[in-house]
Amino acid sequence: MQGSAAIVLAMFGTTVDAGLRGLLAVRDAVARTWPRTPVRMAFTSDRIRASWRKRAVDPQWRLEHADISADILHVQGPLAVLASLQEQGHNRVVVQPVHMVPAEEFHDLAALVRGLAAIRGMQAHSRPFATLALGRPALGGCDPRHPASADIRRVAAALAADADQARREQAALVYMAHGSRHFPVGGLYLEFAACMRELYPDLLTLIGTVDGFPPLDTVVAELHGHGAERVLLKPLLIASGMHAARDLAGPGADSWQSRLTAAGFTTVIDSAGLGEQPAFCQVLVEHIAETAAAAGLELA
């Protein structure tokens, strides 16, 4: 059963125009690496896809946002993208999660991939996919062949520019991660922060989450404990979407900027998503390459 290869980038998505920069940068980095392999984006959030479909049929909105491309306006979910690729003859596919940790979105995606990969027909040629391989999130934690500690160190090394920025600001580096109320991913975040402190020992790096552990209160206590006065606040999110606009730097009293300011810290905000950093995009490119190699799939 032969067919050509393709790559699907499965990402939660964003409704914020500025957030698209990080997601499109990831796509472009992958497409540059394998220029002869189709690269498709899929948004896993039903709500976000519905929002873009609504905008797509609004003439006034389209007029005011002419720079938004058709592949965003008509973005599909992973199942639809995979079905479309299969119909076009691409039956050897790498599905790369554009997620930081293996929480709800990743596990839902993994269930979909496992289900499709398990389909067997009466004859080999009736299988929808000859190869359907699932990559791992940026911080790993879901593949015993690739220890999470190695993936975490890879990301920390890729974010050397953040450490340099914090040094220039003479500030502690605080990341806002998404977190999860349902999966114990806090340990991955804490190991990432510890690895940052190991790689950049002259810099205090801490991490908190919007949902789950560790909370911002823990970060504030640690900042006070270390005698920090100035904080560089950045999202540990691939896209600078609603969480960055509202939870990180929003005007409300509950935003992280407001709470840190109220706690007595001078805050410097950089709300750019990680996808806007080429070195971080390279981490996901390497994950795709490793997943393809393990599956015996050649990308071009």
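The paragraphs below go through the helix packing, the nonpolar cores and a few single residues of this predicted model.

A convenient place to start is helix H13, which spans residues 278–294. Helix H13 supplies seven residues to the largest nonpolar core, and no other share of that core is larger. The core itself has 65 residues. Within it, the residues with the most contacts are Leu9, Phe43, Trp52, Met100, Phe192, Leu236 and Phe280. A further core lies apart from this one and has 17 residues, including Val219, Ala228, Leu248 and Trp256.

The next step is to see how helices are placed against one another. Two packed helices are described by two quantities, the angle between their axes and the distance between those axes. Helices H1 and H13 cross at roughly 50°, and their axes come within 9 Å. An angle that is neither under 35 degrees, nor over 145, nor from 65 to 115 counts as oblique, and H1 and H13 are therefore oblique to each other. The crossing of H1 past H13 is right-handed. On the H1 side the contact is made by Ala25, Val26, Ala29, Val30 and Thr33, and on the H13 side by Cys281, Leu284, Val285 and Ile288. Sorted by type, the residues of this contact are eight nonpolar, one polar and no charged.

Helix H7 also packs on H13. Here the angle is about 150° and the axes are 8 Å apart. Because angles over 145 degrees count as roughly antiparallel, H7 is roughly antiparallel to H13. H7 passes H13 in a crossing that is right-handed. From H7, the residues Asp151, Arg154, Val155 and Ala158 take part, and they meet Ala279, Phe280, Val283, Glu286, His287 and Glu290 in H13. This contact divides into five nonpolar, one polar and four charged residues. Phe280, which belongs to this contact, was also named among the residues with the most contacts inside the largest core.

One residue on the H7 side can be followed further. Arg154 lies in helix H7 and has a relative accessible area of 25%, so it is partly exposed. Leaving out neighbours within four places in sequence, Arg154 is in contact with Arg136, Val283, Glu286, His287 and Glu290. Ala228, one of the residues of the 17-residue core, is 74 residues from Arg154 in sequence and 27 Å from it in space, C-alpha to C-alpha.

Helix H7, residues 148–158, has another partner in helix H9, residues 186–199. These two pack at an angle of about 55°, with their axes 9 Å apart. H7 and H9 are therefore oblique to each other, and their crossing is right-handed. In H7 the residues involved are Ala148, Ser149, Ile152, Arg153, Val155, Ala156 and Ala157; in H9 they are Leu188, Glu191, Phe192, Cys195, Met196, Glu198 and Leu199. The contact of H7 with H9 comprises ten nonpolar, one polar and three charged residues. Val155 appears in the contact with H9 and in the contact with H13.

Some residues outside the helices also deserve a look. Trp34 lies in the loop between helix H1 (20–33) and strand E2 (39–43). Its relative accessible area is 9%, so Trp34 is buried. Not counting residues up to four places away in sequence, Trp34 touches Ile7, Val285, Ile288, Ala289, Leu299 and Ala300. Although 266 residues separate Trp34 and Ala300 in sequence, their C-alpha atoms are 4.9 Å apart. Val285 and Ile288, both touched by Trp34, are also part of the contact of H1 with H13.

Two features concern the backbone. Most residues other than glycine have a negative phi, and most peptide bonds are trans. Gln170 is not a glycine, yet its phi is positive, at about 50°. Gln170 sits in the loop between helix H8 (160–169) and strand E5 (172–179), and with a relative accessible area of 69% it is exposed. The peptide bond from Phe213 to Pro214 is cis, with omega near -5°. Pro214 is found in the loop between strand E6 (205–211) and helix H10 (216–225).

Finally, Lys54 is a residue of helix H2 (residues 46–56). Lys54 is exposed, with a relative accessible area of 65%. Its C-alpha atom and that of Gly250 are separated by 25 Å, the two residues being 196 residues apart along the chain.

Note on methods: Residues are numbered from 1 along each chain as its sequence is written. This is a predicted model: local features need pLDDT of at least 70, side-chain atom pairs count only at pLDDT 80 or more; totals for chains, interfaces and linings use all residues. Side-chain values use heavy atoms; hydrogens and water are left out. Axes are lines fitted to C-alpha atoms, for helices over the stretch in contact, and angles run from 0 to 180 degrees between N-to-C directions. Helices (H or I, at least four residues) and strands (E, at least two) are DSSP runs, numbered from the N terminus. A crossing is left-handed if the near helix is turned anticlockwise from the far one by less than a right angle, and right-handed if clockwise. Contact means heavy atoms within 4.5 Å. Ala, Val, Leu, Ile, Met, Phe, Trp, Tyr, Cys and Pro count as nonpolar, Asp, Glu, Lys and Arg as charged, and the others, Gly among them, as polar. A nonpolar core is a set of buried Ala, Val, Leu, Ile, Met, Phe, Trp, Tyr and Cys residues joined through side-chain atoms within 4.5 Å. Buried means under 20% relative accessible area, exposed over 50%, partly exposed in between (1.4 Å probe, protein chains only).
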